[in-house]
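Please read these notes with the model open beside you. They go point by point.

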Amino acid sequence: IRNIHPRLPTKVKKLFDDGHFAEATFHAFKYLDKQVQKHSGLSGSGFNLMMAAFDRSKPKVQLTRLSNESERDEQDGYRFIFAGGVQAIRNPRGHEYAVVDDPDICLDHLSFVSMLIRRLEAAGFK
């Protein structure tokens, strides 16, 4: 049992239920990408989008007040978590045809995306 975010598209859940685990992961990350585009007003995607959207000096998506070093570190950390997630998890599933995931790996990925969506929500991005 996992706490998968309820706003993940039905398509993601159907792909998982039908055993298309790599595709479910890919579509969950596409949803996350679109959420960051929406909240940032930026049109890019993937790694470059995340690096620009969460930039500490001019964040389009500000997760903390950035009022002290701890808050600036948290902003930077999430910048790299979002960017690393799309680069390390989403990209291979979008660019390679032979990626095969099992249900547990897919659930880990869906939980990871869910955590990032919840972090956006906690910062006021719905």
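1. A definition comes first: the expected span of a helix is 1.5 Å times one less than its number of residues. The model is predicted. Helix H4 covers residues 69-95, which makes 27 residues. From first C-alpha to last, H4 reaches 37 Å, close to the 39 Å expected.

2. Now look along H4 for a bend. H4 bends by about 30° at Ile89. A proline, Pro92, follows within four residues.

3. What caps the N-terminal end of H4? The residue is Asn68. One of its side-chain oxygens lies 3.1 Å from the backbone nitrogen of Ser70.

4. Salt bridges next. The structure holds 10 of them. One joins Arg7 to Glu121, with the closest N and O atoms 2.5 Å apart. Arg7 sits in the segment before helix H1 (10-17), and Glu121 sits in helix H5 (residues 103-122), so this pair ties together parts that are 114 residues apart in sequence. Buried or exposed: which word fits Glu121? Glu121 is buried, because its relative accessible area is 17% and the cut-off for buried is under 20%. Its partner Arg7 is partly exposed, at 29%.

5. Asp76 and Arg56 form another salt bridge, at 2.5 Å from N to O. This pair also links distant parts of the chain. Asp76 belongs to helix H4, while Arg56 is in the loop between helix H3 (46-53) and H4. The two are 20 residues apart. Asp76 is buried, with a relative accessible area of 17%. Arg56 counts as partly exposed, at 25% relative accessibility.

6. A salt bridge within H4 deserves a look too. Glu69 pairs with Arg72, and the closest N and O atoms are 3.3 Å apart. These residues are three apart in helix H4, so about one helical turn separates them. Glu69 is partly exposed, with a relative accessible area of 42%. Arg72 is partly exposed as well, at 24%.

7. Which residues are linked with Asp76 in a network of salt bridges? They are Arg56, Glu69, Arg72 and Asp73. Please view the network as a whole: it includes Asp76 and Arg56, and also Glu69 and Arg72.

8. Turn to Ser114, in helix H5. Ser114 is buried, with a relative accessible area of 0%. A polar atom of its side chain lies 2.7 Å from the backbone nitrogen of His5. Leaving out residues up to four places away in sequence, Ser114 touches Asn3, Ile4, His5 and Leu8.

9. Last, the core. The largest nonpolar core has 31 residues. Which of its members touch the most other members? They are Leu32, Val36, Met50, Phe54, Phe82 and Leu120. H1, helix H2 (21-40), H3, H4 and H5 each supply at least two residues of this core.

10. Val36 is a good place to start browsing that core. Not counting residues up to four places away in sequence, Val36 touches Leu49, Met50, Ala53, Phe54, Val61, Phe82 and Leu120. Among these contacts, Met50, Phe54, Phe82 and Leu120 are themselves listed with Val36 as touching the most other core members.

Conventions. Residues are numbered from 1 along each chain as its sequence is written. This is a predicted model: local features need pLDDT of at least 70, side-chain atom pairs count only at pLDDT 80 or more; totals for chains, interfaces and linings use all residues. Side-chain values use heavy atoms; hydrogens and water are left out. The bend at a residue is the angle between axes fitted to the seven residues ending there and the seven starting there. A polar contact is a pair of N or O atoms within 3.5 Å; within protein, one must be able to donate a hydrogen and the other to accept it, and residues adjacent in sequence count only if both atoms are side-chain atoms. A salt bridge is a side-chain nitrogen of Lys or Arg within 4 Å of a carboxyl oxygen of Asp or Glu. Buried means under 20% relative accessible area, exposed over 50%, partly exposed in between (1.4 Å probe, protein chains only). Contact means heavy atoms within 4.5 Å. A nonpolar core is a set of buried Ala, Val, Leu, Ile, Met, Phe, Trp, Tyr and Cys residues joined through side-chain atoms within 4.5 Å.
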